[in-house]
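Here is a short set of exercises to work through with the model open beside you. Try each task before reading its solution.

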Amino acid sequence: MSLLLDYVKQQLTPKTNHPNFKAGDTVTVHYKIKEGDKERVQQFTGVVIQKKNERATASFTVRKMSNGIGVERIFPVASPFIEKIEIAKVGVVRRAKLFYLRDRTGKAARIREKIQNTDEVKA
């Protein structure tokens with residue numbers, strides 16, 4: 001019985017090596033797409049507006065503006081089609097779900113960027 005339980009736990013825990021990101025961060029998701037017998041990698045860059053769950057069914061939603069139209073895409077965290085996730089900007093927000101961005105466009109939809117502290121020695 002415990003062997004079966006261990007197997008179920010192993011299958012339910014996502015095997016991901018994605019970086020830690022949160023709502024408000026701008027990310028680029030490299031996603032594999034199969035078209036017939038061909039396979040290519042498509043990049044989707046946008047702002048993470050929500051993260052849901054923490055286990056096998058975890059997902060996150062990325063929103064971008066494309067030709068003046070808002071496009072949202074939901075990615076399962078444990079998807080085998082996600083090749084990698086890159087964090088472009090770390091945003092400063094006070095909410096976990098940024099659905100208010102759906103009503104805003106242009107400068108009103110901006111998110112403050114976290115200033116990275118780089119302690120470089122001046123020569």
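**Exercise 1. Find the bridge partner of Arg 63 in β4, and place that pair in its strand pairing.**

Solution. Keep in mind that this is a predicted model.
- Step 1: Starting from Arg 63 and looking across to β4, you reach Glu 72 as its bridge partner.
- Step 2: Now take in the whole pairing. Strand β3 covers residues 59-66 and is joined to β4 by eight bridges.
- Step 3: Check the direction, and you will find that β3 and β4 run antiparallel.

**Exercise 2. Work out the strand order of the open sheet, then say which strands stand at its edges.**

Solution.
- Step 1: Walk across the five strands, and the order reads β4-β3-β2-β1-β5, with antiparallel pairing.
- Step 2: Look for strands with a single partner. These are β4 (69-76) and β5, so each has one side left without a neighbour in the sheet.
- Step 3: Add the twist. On average, neighbouring strands of this sheet are turned by 40° against each other, direction ignored.

A general reminder may help here: strands of a sheet pair through backbone hydrogen bonds, either parallel or antiparallel.

**Exercise 3. Decide whether His 30 is buried or exposed, and describe its surroundings.**

Solution.
- Step 1: Locate His 30 in strand β1, which spans residues 26-35.
- Step 2: Apply the cut-off. Buried means under 20% relative accessible area, and His 30 counts as buried because its relative accessibility is 7%.
- Step 3: Look for a polar partner. The side chain of His 30 makes a polar contact with the side chain of Gln 43, at 3.4 Å.
- Step 4: Widen the view, leaving aside neighbours within four places in sequence. His 30 is in contact with residues including Val 41, Gln 42, Phe 81, Ile 82 and Glu 86.

**Exercise 4. Do the same for Thr 105: is this residue buried or exposed?**

Solution.
- Step 1: Thr 105 belongs to the segment after β5 (82-89).
- Step 2: With 53% relative accessibility, Thr 105 counts as exposed, since the cut-off for exposed is over 50%.
- Step 3: Compare sequence and space. Thr 105 and Met 65 are 40 residues apart along the chain, and their C-alpha atoms are separated by 8.5 Å.

**Exercise 5. Which element gives the most to the lining of the largest pocket?**

Solution.
- Step 1: The largest pocket has a volume of about 350 Å³.
- Step 2: Its lining has 18 residues, and those nearest the centre are Thr 26, Val 47, Ala 109, Arg 110 and Ile 111.
- Step 3: The elements giving two or more residues to this lining are β2 (38-52) and β3.
- Step 4: β3 gives the most, with three residues.

How values were computed:
Residues are numbered from 1 along each chain as its sequence is written. This is a predicted model: local features need pLDDT of at least 70, side-chain atom pairs count only at pLDDT 80 or more; totals for chains, interfaces and linings use all residues. Side-chain values use heavy atoms; hydrogens and water are left out. Helices (H or I, at least four residues) and strands (E, at least two) are DSSP runs, numbered from the N terminus. Buried means under 20% relative accessible area, exposed over 50%, partly exposed in between (1.4 Å probe, protein chains only). A polar contact is a pair of N or O atoms within 3.5 Å; within protein, one must be able to donate a hydrogen and the other to accept it, and residues adjacent in sequence count only if both atoms are side-chain atoms. Contact means heavy atoms within 4.5 Å. Two strands pair if DSSP finds at least two bridges between them. Axes are lines fitted to C-alpha atoms, for helices over the stretch in contact, and angles run from 0 to 180 degrees between N-to-C directions. On a 1 Å grid over the protein atoms alone, a cavity is a set of points where a 1.4 Å probe fits but cannot get out, and a pocket is an open set with protein on both sides within 12 Å along at least five of seven lines; lining residues have an atom within 4 Å of a point. Grid points are joined across faces, edges and corners, and a volume is the space filled by probe spheres set on the points.
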